[in-house]
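Me: Could you give me a close look at one part of this model and then follow it outwards to what surrounds it? I'd like one connected answer, with the cut-offs spelled out as you go.

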Amino acid sequence: MEQKKIALVGYGAMGKRIAAAIQAHEGWELCGVIDPLNEECLSSLSQLPEKPHVVIDFSHPANLEMILSYCREQEVACVLSTTGFSPAQEAMCRELSAYASVVRTQNTSLGINILEEILRTITPILKDRFDIEIIEKHHNKKIDAPSGTAKMLARAIEESGDFPEVHGRDGVCPRQKGEIGIHAIRGGTIVGEHTVLFAGDDELIEIKHTALSKQVFVAGAIKAAEFALSAPKGFYSMGNALFPHNAH
């Protein structure tokens, strides 16, 4: 059986865990780690000794242009899990799908993607009678807010209608009907916690996901890469990788 060669971009806390998982995966070979900020790593995908079958990105938005350029030229599949992309960068990710299979997600955990599916199901039922708020909590070193996952959950809700987003509240700002409040909390070593609150008259519905370790994201990243290796050219979500028969 041919060894599948995997390149990894990003060698921070998540990158180190994913590198270990790749090396432990039967039939896979870690052919290079790219991190321009780490002297122990390669600084560019172009420095790889051989062409990989897939690139996994858990790094920084500043690396996206390099990743897209390489994967487009070499027609290499990729998993893009970095958060904090601008709308223009998100559009560039979609454009790459004409050349390779692209899995784009802000959260690779199974639980969050189940939560996303739950929101698609219940929002059409609840949206006219319940106010919707999203509260996310992360460690004090996270650089972007709100989290990419909170944005992902908001998009799932917004498939059911027009929901203006309000990011935090300060001063005199009475809640408007139909808006989604999105709130970011930063502190300590919180791995990741996301709560979606549906607040109605005299009743509350809370749906909450808590990541207890970064390992849940590692397992999902490996699953996404497995999917990307076999998928035809196209743009895919984590839901496609986890639930291949799902239309979303």
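Reply: Start with β2: five of its seven residues are buried, so the strand is largely enclosed by the rest of the structure. Buried here means under 20% relative accessible area, exposed means over 50%, and partly exposed is in between (1.4 Å probe, protein chains only). Strands (E, at least two residues) and helices (H or I, at least four) are DSSP runs numbered from the N terminus. Bear in mind that this is a predicted model, in which local features need pLDDT of at least 70 and side-chain atom pairs count only at pLDDT 80 or more, while totals for chains, interfaces and linings use all residues. Residues are numbered from 1 along each chain as its sequence is written, and side-chain values use heavy atoms, with hydrogens and water left out.

Now for the neighbour of β2. It runs parallel to β1, and six bridges join the two; pairing takes at least two DSSP bridges between strands. If you want landmarks, A7 faces G32 in β2. The chain gets from β1 to β2 by way of α1, in a right-handed β-α-β crossover, meaning that with the strands pointing away from you, the path from the first strand over the helix to the second runs clockwise. Another landmark is K5, which sits opposite E29 in β2.

Zoom out to the sheet. It's an open one with six strands in the order β2-β1-β3-β4-β5-β11, paired in parallel. β2 and β11 (234-236) are the edge strands with a single partner each, so one side of each has no neighbour in the sheet. From one strand to its neighbour the turn is 20° on average, direction ignored. Angles like this use axes fitted to C-alpha atoms (for helices, over the stretch in contact), running from 0 to 180 degrees between N-to-C directions.

Then there are the helices. α3 packs on the sheet, touching β4, β5 (101-104) and β11, with its direction at about 150° to that of β5; contact means heavy atoms within 4.5 Å. α6 lies across β1, β2, β3, β4, β5 and β11, and runs at about 155° to β4.

Look at α3 on its own for a moment. Q89, C93 and L96 are its buried residues. Down the helix axis they fall within an arc of 60°, so they line one face of α3; that arc is taken from the directions from axis to C-beta atoms. Those buried residues pack against α2 (64-74), β4, β5 and β11, while the face turned away from them carries exposed P87, R94 and E95.

α2 can be read in a similar way. L64, I67, L68, Y70 and C71 are buried there, and their arc of only 165° around the axis puts them on the same side of α2. Their cover includes β1, β3, β4 and α3. E65 and E73 are exposed on the other side of α2. Right after that helix, E75 takes a positive phi of about 55°.

So what sits inside? The largest nonpolar core has 29 residues, and I18, I22, I56, V79 and V103 have the most contacts within it. Such a core is a set of buried Ala, Val, Leu, Ile, Met, Phe, Trp, Tyr and Cys residues joined through side-chain atoms within 4.5 Å. Two or more residues each come from β1 (4-9), α1 (13-24), β2 (28-34), β3 (54-57), β4 (77-80), α6 (215-230) and α7 (238-242). α6 gives the largest share, eight residues. Take I18 as one example: beyond residues up to four places away in sequence, it touches L8, I56, F58, V218 and A221. Another core lies apart, with 20 residues including F130, I134, V196 and I207.

One loop residue is worth a stop too. S81 sits between β4 and α3 (87-96), and at 6% relative accessibility it counts as buried. Outside the four places either way in sequence, S81 contacts D57, F58, R104, T105 and T108.

Last, there's a second sheet to keep in mind. It is open, with five strands ordered β7-β8-β6-β9-β10 and mixed pairing. β7 (165-167) and β10 (203-211) are its edges, each pairing on one side only, and the twist averages 15° from one strand to the next.
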